[in-house]
Every structure is written in structure tokens, then in C-alpha cells.
Amino acid sequence: MIPRHLLIGVAVMALVAAAMGIYVLRMRRSMQQSASAAEDTRPLAPPVSGPTEKVTLWIADDDAGVLRPQGADIPLPSGRQERAQELLQALLGIYLGKASPHALPSGADVRDVYLVDPGLAVIDTNATFADAHRSGVLVEELTVASMIQTLASNVPGINRVKILVDGKSRETLAGHADLSNIYDVAAVARTVEALQQAQ
């Protein structure tokens, strides 16, 4: 016969093990919730207020391999540079959504847009935008063309675009799309048109 104090000791140890298991499960869930909440590290900018304006966003469609114009009503500031920034933020907002036709990595962001000299726009993205971007010729080119077409359609006078990553020039977006050169807006528009006609 097993001594009574041994039975009590085994029962207490079983209860402690069960309690520890529950505690570990709760901690794991808490850590997962904290990690998902911290995933989007983009700084929150104050919302632009004022009247909305009808704009055209050029949305990449991965399945069809084309860009599609999509009308949107968004509040835009009067300054050209701030306007360009808000347009690209609206575009990325679509790509970061759950039903995105062209998903970008969580945390991808356009840090700033600079209108340098007549006709040149410089888009400065964060590192996540490039480092975690899906690799592939078409998917990368669609991202670049989408941003350029959206700017050119809504901010008059832009005819060249340079894309930076964390304020620095980079060879490629994710191995394919060339970021080392300045894009000619007219050439990008011809490529977008050719893609649409090939459908």
C-alpha cells in the first residue's frame, strides 16, 4: 500500500503542473497578441482634414498582371509635396488591407516624398517596404509603376521619379525592379498601357 503522504505529494505536484501549463498557455497568447499589435511600426500621422478630392489611384492587380485606375475621394492638402505624400499613403493603405489585390509587407511605408527640381519626385520608402517585399519581376515592377502612375496622374508636372530606401539609393527593390536609376514617367505610362492591351 502507498503511503498517504506520498499520494498527497503526487496530487499536489499534478495540480502544480496543470497550473503551470495554464499559465504558460496564457503567457503565449499574451505574447502573440503583443507581437501582432507591434507588427505595424509605422508612425501615426495626424489625419488630413478638409474637403475631399476625387483622385485616381493606379492599383496593381497581381492575378491579371496589370494596373487598374481606381477613383477615390481623399482629403488632400494644397501643397504639392504634401499632396504627393497623401496620395501614396492612400495607395499603400489599399495594399496593406486584407483584401489587397497586391499585398505589401506589414509595416511598409512611404516615409516622405520630395519634389526636388522641376519634374523630379523622390519617393523615400522605409526598409520594410523593400526588405520584406515579395521577389519577382512582375510583382516588383507593378509596385513601382503603381506608385509612379498614381503620382503622375494627380500631381501635375512630375515627369521623373527616383525611389529611395531609408534615404539611400538601392540597386533593386527585391532583386528585380531597378531602383538605381531615375524612372521616366512617360516610359512607365507606355509600359502600363502595353500591359493593359496585352490582356
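The exercises below, each with a worked solution, concern a predicted model.

**Exercise 1. A salt-bridge network**

Task: Find which residues are joined with R111 into one network by salt bridges that share partners.

Solution.
- Step 1. Take D124 and R111: their closest N and O atoms are 3.1 Å apart, and the two residues form a salt bridge. A salt bridge requires such atoms to be within 4 Å.
- Step 2. Place this pair in the chain. D124 belongs to strand β4 (residues 120–125) and R111 to strand β3 (residues 110–115), so the bridge links distant parts of the chain, 13 residues apart.
- Step 3. Take R111 and D166. These residues also form a salt bridge, with closest N and O atoms 2.9 Å apart. Here strand β3 is linked to the loop between β5 (160–165) and β6 (183–184), and the partners are 55 residues apart.
- Step 4. Put the two bridges together. R111, D124 and D166 form one network through shared partners.

**Exercise 2. Burial within the network**

Task: Decide whether D124, R111 and D166 are each buried, partly exposed or exposed.

Solution.
- Step 1. The cut-offs are under 20% relative accessible area for buried and over 50% for exposed, with partly exposed in between.
- Step 2. D124 has 2% relative accessibility and therefore counts as buried.
- Step 3. R111 has 44% relative accessibility, so R111 is partly exposed.
- Step 4. D166 has 33% relative accessibility and is likewise partly exposed.

**Exercise 3. A bridge between a loop and a strand**

Task: State which parts of the chain the salt bridge of D117 and R160 ties together.

Solution.
- Step 1. The side chains of D117 and R160 meet in a salt bridge with an N to O distance of 2.9 Å.
- Step 2. D117 sits in the loop between β3 and β4, while R160 sits in strand β5, so the bridge ties together parts 43 residues apart in sequence.
- Step 3. Check the accessibility of both ends. D117, at 35% relative accessibility, is partly exposed, and R160, at 28%, is partly exposed as well.
- Step 4. For context, the count of salt bridges in the model comes to seven.

**Exercise 4. The backbone at D166**

Task: Say what is notable about the phi angle of D166.

Solution.
- Step 1. Most residues other than glycine have a negative phi.
- Step 2. D166 is not a glycine, yet its phi is positive, at about 50°.
- Step 3. D166 is located in the loop between β5 and β6.

**Exercise 5. Inside the nonpolar core**

Task: Identify the residues that touch the most other members of the largest nonpolar core, and follow two of them.

Solution.
- Step 1. The largest nonpolar core has 42 residues, and L88, I123, V144, L151, I158 and V161 touch the most other members.
- Step 2. Start with L151. This residue is found in helix α4 and is buried, with a relative accessible area of 0%.
- Step 3. Leaving aside neighbours within four places in sequence, L151 is in contact with A84, L88, A121, I123 and I158. For one of these partners, A121, the C-alpha to C-alpha distance is 8.7 Å, and the separation in sequence is 30 residues.
- Step 4. Turn to I123. Its contacts, again without neighbours within four places, include L88, V110, M147, L151 and V161. Among its other contacts are D112 and K162.

**Exercise 6. Two helix residues**

Task: Determine whether M20 and L87 are buried or partly exposed.

Solution.
- Step 1. M20 lies in helix α1 (residues 4–38), and L87 lies in helix α2 (residues 80–95).
- Step 2. M20 has 48% relative accessibility, so M20 counts as partly exposed. L87 has a relative accessible area of 0% and is therefore buried.
- Step 3. Beyond neighbours within four places in sequence, L87 is in contact with V55, L57, I74, L76, T150, N154 and V155.
- Step 4. Add a distance for each residue. M20 and S30 are ten residues apart in sequence and 15 Å apart, C-alpha to C-alpha. L87 and R68 are 19 residues apart in sequence and 16 Å apart, C-alpha to C-alpha.

**Exercise 7. The second largest pocket**

Task: Describe which elements supply the lining of the second largest pocket and its make-up by class.

Solution.
- Step 1. The volume of the second largest pocket is about 160 Å³.
- Step 2. At least two lining residues come from each of α4 (137–154), β6 and α5 (185–197).
- Step 3. The lining residues include L138, E141, V144, Y183, D184, T191 and L195.
- Step 4. By class, nine lining residues are nonpolar, one is polar and two are charged.

Key. Residues numbered from 1 in each chain as written. Predicted model: local features only at pLDDT ≥ 70, side-chain atom pairs only at ≥ 80, totals over all residues. Heavy atoms only, no water. Helix = DSSP H or I, 4+ residues; strand = E, 2+ residues; numbered from the N terminus. Buried < 20%, exposed > 50% of the residue type's maximum accessible area, 1.4 Å probe, protein only. Core = buried A, V, L, I, M, F, W, Y, C linked by side-chain atoms within 4.5 Å. Contact = heavy atoms within 4.5 Å. 1 Å grid on protein atoms, 1.4 Å probe; cavity = no way out; pocket = protein on both sides within 12 Å on 5 of 7 lines; lining within 4 Å. Points joined across faces, edges and corners; volume = space filled by probe spheres on them. Nonpolar A, V, L, I, M, F, W, Y, C, P; charged D, E, K, R; others polar.
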